[in-house]
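Let's take a walk through this structure together, starting from one residue and working outwards. Have the sequence and the coordinates open as you read.

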Amino acid sequence: MAESKKSDGNAPSSASVVRYPPIHDQILPHLRRDIVENRWKSGARLSEPLLCKQFGVSRTPLREALKTLEAEGLIRLVPHVGAVVTDPGATEIGETMEILIGLEQLAAIRVAQSGPQEVLHDIQRIYEEMRQAARRGDASRYYELNDDFHICIVRGTGNRSLVDMHEKIMWHVHRERHRVNEVESVSVESAESHHEIVDAIVKRRAENAGMAMRKHLENVSRLILANRLAEQDIAAARTGQAKSKTKVGRSGRS
């Protein structure tokens with residue numbers, strides 16, 4: 001006879017014990033978002049006292065959150081300095097985009113092969129909303145929908161490991177996209193560039209869907225890398241000018 005599993009009336013259930021996520025998990029999304037959306041620029045130092053005051057927390061949960069951000073590659077914890085926002089170069093960004101392209105190409109293939117019909121409907125719906133946002137020139141809404149579009153395809157695979165890998169890599173891609181989107185306006189062509197992906201997925205043409213996704217993201221990668229290389233050139237030129245002025249100043253005092 002099966003043993004009856006009755007809860008002790010004096011013992012709290014697990015649901016009542018764990019009512020809220022740990023404090024560090026509550027503040028982590030806010031810290032991450034501020035880095036990804038470039039409110040804290042590359043190389044910026046994050047002041048622990050300031051952040052503790054902002055979130056109303058002690059240093060212990062804050063430092064737990066910072067450890068997670070370091071593991072994600074968004075900050076470095078430097079001894080005697082603290083948390084510093086990372087500044088990936090063009091090579092590292094290119095490598096990140098290669099990984100993203102591979103993951104999303106696979107996702108497009110899998111969804112075209114066996115994605116549920118409701119997922120295909122969601123992909124079409126989001127795509128149409130993207131086109132409408134682009135026609136209105138609503139860049140903020142367009143890029144929000146653009147993220148939803150790609151995430152919908154990845155999650156539509158039903159592959160939990162793929163979803164987790166994609167989420168981690170996307171924090172870095174989001175960060176670079178925000179840098180580009182600060183100077184790039186949205187166009188109807190931006191939305192239409194997703195048409196081949198949608199068409200191939202809906203028609204269950206798996207190989208075409210994968211190649212369309214690769215082609216699209218390779219174009220995105222070129223844009224992101226061109227923006228970063230231009231930034232690096234400008235920074236190098238400014239550094240050269242500053243050094244030149246310093247040399248002139250020293251020679252004038254000699």
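A good place to begin is Ile123, which touches Val111, Phe149, Cys152, Ile153, Val198 and Ile201, leaving aside residues up to four places away in sequence. Please keep in mind that this is a predicted model.

**The nonpolar cores**

Ile123 belongs to the largest nonpolar core, which has 42 residues. Along with Tyr142, Phe149, Ile153 and Ile201, Ile123 touches the most other members of this core. Which helices supply at least two residues each? They are α5 (90-114), α6 (117-136), α7 (139-155), α8 (160-181), α10 (195-202) and α11 (206-253). Helix α5 gives the most, with 9 residues.

Another core lies apart from this one and holds 18 residues, including Leu31, Cys52, Val57 and Ile75. As background, nonpolar side chains in soluble globular proteins tend to be buried together.

Two cysteines are worth a look here. Cys52 is buried, because its relative accessibility of 11% falls under the 20% limit. Cys152, one of the contacts of Ile123, is likewise counted as buried, at 13% relative accessibility. As for disulfides, the count for the model is 0.

**An aromatic pair**

How many aromatic pairs does a search of the whole structure find? The search finds 1. Its partners are Tyr142 and Tyr143, with ring centres 5.2 Å apart. Their planes stand at 80 degrees, so the pair is edge-to-face. Tyr142, already met among the residues of the largest core, has a relative accessibility of 2% and therefore counts as buried.

**Salt bridges**

A search of the whole structure also turns up 17 salt bridges. Here are three of them, with the N to O distance and the relative accessibility of each partner.

| Salt bridge | N to O distance | Relative accessibility of the basic partner | Relative accessibility of the acidic partner |
|---|---|---|---|
| Glu48 and Arg59 | 3.6 Å | Arg59: 39%, partly exposed | Glu48: 14%, buried |
| Arg136 and Asp138 | 3.7 Å | Arg136: 53%, exposed | Asp138: 29%, partly exposed |
| Arg160 and Asp164 | 2.9 Å | Arg160: 52%, exposed | Asp164: 33%, partly exposed |

The bridge between Glu48 and Arg59 links distant parts of the chain: Glu48 sits in helix α3 (residues 48-55) and Arg59 in helix α4 (residues 59-71), 11 residues apart. Arg160 and Asp164 are both in helix α8, and because they are 4 residues apart, about one helical turn separates them. Beyond these pairs, Asp122, Arg125, Glu129, Arg141 and Glu144 are linked in a network of salt bridges.

**The chain as a whole**

Now let's step back to the full chain. Its secondary structure comes to 11 helices and 3 strands. Read from the N terminus, the elements run α-α-β-α-α-β-β-α-α-α-α-α-α-α.

The chain has 254 residues, and buried residues make up 37% of them. If you consider contacts between residues at least 6 apart in sequence, 75% join residues at least 24 apart. The chain exposes about 15,300 Å², and carbon and sulfur atoms supply 51% of this area.

Key
Residues numbered from 1 in each chain as written. Predicted model: local features only at pLDDT ≥ 70, side-chain atom pairs only at ≥ 80, totals over all residues. Heavy atoms only, no water. Disulfide = S-S within 2.5 Å. Buried < 20%, exposed > 50% of the residue type's maximum accessible area, 1.4 Å probe, protein only. Core = buried A, V, L, I, M, F, W, Y, C linked by side-chain atoms within 4.5 Å. Contact = heavy atoms within 4.5 Å. Phe/Tyr/Trp six-rings, centres within 6.5 Å; stacked < 30°, edge-to-face > 60°. Areas by Shrake-Rupley, 256 points an atom, 1.4 Å probe, with all protein chains shown as cover. Salt bridge = Lys/Arg side-chain N within 4 Å of Asp/Glu carboxyl O.
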